[in-house]
Amino acid sequence: MNFDLDPADAAFQAEMRAFIRQALPADIARRGRQGFHATHDDVQTWMRILNARGLAAVHWPRQYGGTDWSPLRRHLFQVELRAAGAPVPDQAALELVGPVIYTFGDEVQKARYLPAILNADTFWCQGFSEPNSGSDLASLKTSAVRDGDHYLVNGQKTWTSEAHKADMMFALVRTDGEARPQAGISFLLIDMKSPGVSVRPIYTINEGLSVNEVFLDNVRVPAENLVGDENRGWGYAKFLLTNERTMSAETPHTAFDLEQVKQIAAVEMRGGRPLIEDPLFAARLARFEIELRALETAVLRVLHMGDNDPALNATASVLKLRGSELRQRIADLAVEALGDHGLAVFPDVEGQDNMDVLAPVPPAPDYAAGWLSRMMFRRATTIYGGANEIQRTIIAKSVLGL
Ligand SMILES: Cc1cc2nc3c(=O)[nH]c(=O)nc-3n(C[C@H](O)[C@H](O)[C@H](O)COP(=O)(O)OP(=O)(O)OC[C@H]3O[C@@H](n4cnc5c(N)ncnc54)[C@H](O)[C@@H]3O)c2cc1C
C-alpha cells in the first residue's frame with residue numbers, strides 16, 4: 001500500500017486547507033485551538049457552513065448527503081479540520097447513530113433524522129451504559145414495554161455524554177426479559193423532551209460538564225422510533241461500536257496536539273535553553289511522533305478495509321487501544337512541558353457550560369490554556385468507547401486465538 005500523496009490528492013489537500021481557513025470563523029477557530037470543549041452554538045454554526053458545501057458528513061454515502069471521497073481524502077479532510085481548530089462536531093450523531101439509521105432504519109426515519117443531523121438541527125446522545133452495565137453492556141436493564149403504538153420506557157442510563165444539550169437519545173432497551181441477554185435488546189430513538197426524561201449532571205475531575213445520568217420514568221416513545229427489528233438491537237449496537245472504536249484512534253486530534261507541544265517546548269525554558277533543545281525531552285517527543293505516525297498508517301489501512309472484513313472488529317480494538325493511550329501521553333507531555341504554567345486552570349468562559357465551578361484566571365501564557373483540564377479529562381479515553389482491558393480481551397481472542 002502506498003500512502004504518498006499523488007498530485008491530485010495533494011491538490012485536494014491544499015484546496016481543503018484553503019477552504020477551511022477561509023470559511024471557519026476566527027473566534028470559533030481561536031476557541032478550538034485553545035482546546036476547550038466546543039459549544040453548542042459553535043458546532044451548529046460550523047456544521048451549517050460545512051453542510052452548505054455538502055461537507056457535513058464526508059464519510060457517509062453520497063445518497064445520504066455524504067461524498068464519494070477515498071478513505072485517504074476523508075482522512076486528509078479531518079487532519080485539516082483539526083489543524084485549523086474547527087470544533088469537533090456532534091460525533092454521537094455523525095459517527096454513531098447516523099450510520100445506524102441509514103443502514104438499518106426505514107425510509108421515514110432516514111428522511112426525518114439524517115438531514116437534521118447534517119444541518120446540526122438535532123443533537124444526539126448515546127444511551128447505552130447503565131450503572132451496572134458498562135463493559136457487560138448486554139446485562140442492561142432499562143425496559144421498553146409495548147403499549148399499543150408506543151413503548152413505555154423505564155430505567156437509568158449513565159455517563160451519557162452531552163445529554164444535557166441533546167435533543168434526541170439513541171438507547172439500547174430491553175424488550176424481552178426472557179430471551180438470552182443479547183437477544184432481548186432493541187434500539188430506540190427517544191426524544192429528550194418527552195415527559196419522564198430527566199438529566200442530572202456529573203462533574204468530572206477537570207471541573208467540566210460533559211457526562212450525565214439520564215433517568216427514564218414511564219417515558220412514552222412512539223413505536224415508529226424503533227430502529228430495525230425488535231430484539232435485534234444488539235447487532236446494530238455492535239456495528240455502531242466498531243465505528244466508535246475506529247473513531248477513538250483520534251489521530252488528527254493527537255497530531256494537532258503534538259504540534260502544539262512542539263511550539264510550547266520551543267518557548268518554555270529549562271536550564272537556560274528552550275526545552276525542545278533538551279536531548280531527553282526531544283527524544284521523547286521524537287518517539288511519540290514515530291508511534292503516532294505508525295498509528296496513522298494503521299488507521300489508513302483500516303479505512304481501506306471493507307465493512308464486512310472479519311478482521312475489522314479486532315483491528316478497531318487495536319486502534320482504540322493505541323489511540324487512547326497516545327491521547328493521554330501527549331496531554332501528559334504538554335503539562336510537563338508547561339512546567340509551572342501547567343498548573344494553570346483557565347476558565348472556559350466562552351464554553352459557559354460550567355460557569356458555577358470556574359477558577360480565577362491564572363498568570364500564565366495563552367498557550368497554557370486548557371491543557372491541565374485536558375490532561376485530567378483524558379483519564380477517560382481508556383475507559384469510554386469500551387474500556388481498554390476489554391479491547392485487549394477482544395484482541396487476545398480474535399487475533400491471537402487465546
Ligand atoms: C467520559 C466518559 C464518557 C462516556 N460517554 C458515554 C456515552 O455517551 N454513552 C454511553 O452509553 N456510555 C458512555 N460512557 C461509559 C463507558 O462506555 C463505560 O464507562 C465503559 O464501557 C466502562 O464501563 P463501566 O464504567 O461500567 O466500568 P466497568 O465495566 O464496571 O469496568 C470497571 C473496570 O473493570 C474492568 N473490567 C470490566 N470487565 C472486565 C473483564 N471482563 N475483563 C477485564 N477487565 C474488566 C474495566 O476495564 C474497568 O477497568 C462514558 C464514559 C466516560 C468515562
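# Notebook: a three-domain predicted model

**Entry 1, F123.** I began with F123, which sits in the loop between α6 (107–118) and β1, and I keep in mind throughout that this is a predicted model. Is F123 buried or exposed? I count F123 as buried, because 22 C-beta neighbours lie inside 10 Å and the threshold for burial is 20 or more. Setting aside residues up to four places away in sequence, I find that F123 touches H40, D90, A93, E162, K165, A166 and D167. I also looked up a distant pair: F123 and R270 are 147 residues apart along the chain, and their C-alpha atoms are separated by 45 Å.

**Entry 2, the whole protein.** I then stepped back to the overall layout, where the protein is divided into domain 1 (7–89), domain 2 (124–232) and domain 3 (248–398). Between the centres of domain 1 and domain 2, taken over C-alpha atoms, I note 30 Å. The secondary structure comes to 12 helices and 10 strands. The C-alpha atoms fill a box of roughly 75 × 50 × 50 Å along the principal axes. I checked the radius of gyration against the rule for a compact globule: with 402 residues the expected value is near 21 Å and the protein has 22 Å, so the two agree. Buried residues make up 39% of the 402 residues. Of the contacts between residues at least 6 apart in sequence, 74% join residues at least 24 apart.

**Entry 3, the ligand shell.** Which residues come nearest to the ligand? Of the 19 residues around the ligand, I list F128, G134, S135, A387 and E389 as the nearest. The elements that give two or more residues to this shell are β1 (124–127) and α12 (388–398). At the level of domains, the shell draws at least three residues from each of domain 2 and domain 3. Sorted by class, I have nine nonpolar, nine polar and one charged residues around the ligand.

**Entry 4, helices α8 and α9.** I took α9 (residues 279–304) and asked what its length should be: at 1.5 Å a residue its 26 residues should span 38 Å, and because its end C-alpha atoms are 38 Å apart, the expectation is met. In α9, the residues L285, L292, L295 and V299 are buried. Residues three or four places apart in an α-helix point the same way, because there are 3.6 residues a turn. The buried residues of α9 pack against α4 (71–84), α8 (251–267) and α10 (312–338).

I treated α8 in the same manner: its 17 residues should span 24 Å at 1.5 Å a residue, and its end C-alpha atoms are 25 Å apart, which agrees. The buried residues that I list in α8 are T251, T254, A255, F256, D257, V261, I264 and A265. What covers these buried residues includes α4, β10 (273–274), α9 and α10.

**Entry 5, positive phi.** Most residues other than glycine have a negative phi, and I therefore wrote down the exceptions given by W159 and N231. W159 has a phi near 60° and lies in the loop between β3 (150–157) and β4 (168–174). With 22 other C-beta atoms within 10 Å, W159 is buried. N231 has a phi of about 70°, and its place is in the loop between β8 (226–227) and α7 (233–247). For N231 I find 17 C-beta neighbours inside 10 Å, so I record N231 as partly exposed.

**Entry 6, R220 and R379.** Where does R220 lie? I place R220 in strand β7 (residues 209–222), and I class R220 as partly exposed because it has 16 C-beta neighbours inside 10 Å. Leaving aside neighbours within four places in sequence, R220 is in contact with H150, L152 and S194. R220 and F377 are 157 residues apart in sequence, and from C-alpha to C-alpha they are 35 Å apart in space.

My last look-up was R379, in the loop between α11 (371–377) and α12. R379 is partly exposed, with 13 other C-beta atoms within 10 Å. The C-alpha atoms of R379 and A223 are separated by 38 Å, and the two residues are 156 apart along the chain.

Note on methods
Residues numbered from 1 in each chain as written. Predicted model: local features only at pLDDT ≥ 70, side-chain atom pairs only at ≥ 80, totals over all residues. Domains from an automatic or database assignment. Near = placed C-beta within 6 Å. Nonpolar A, V, L, I, M, F, W, Y, C, P; charged D, E, K, R; others polar. Expected span 1.5 Å × (residues − 1). Buried ≥ 20, exposed ≤ 12 C-beta atoms within 10 Å, placed from the backbone. Contact = placed C-beta atoms within 7 Å. Rg over C-alpha atoms; globule rule 2.2 N^0.38 Å.
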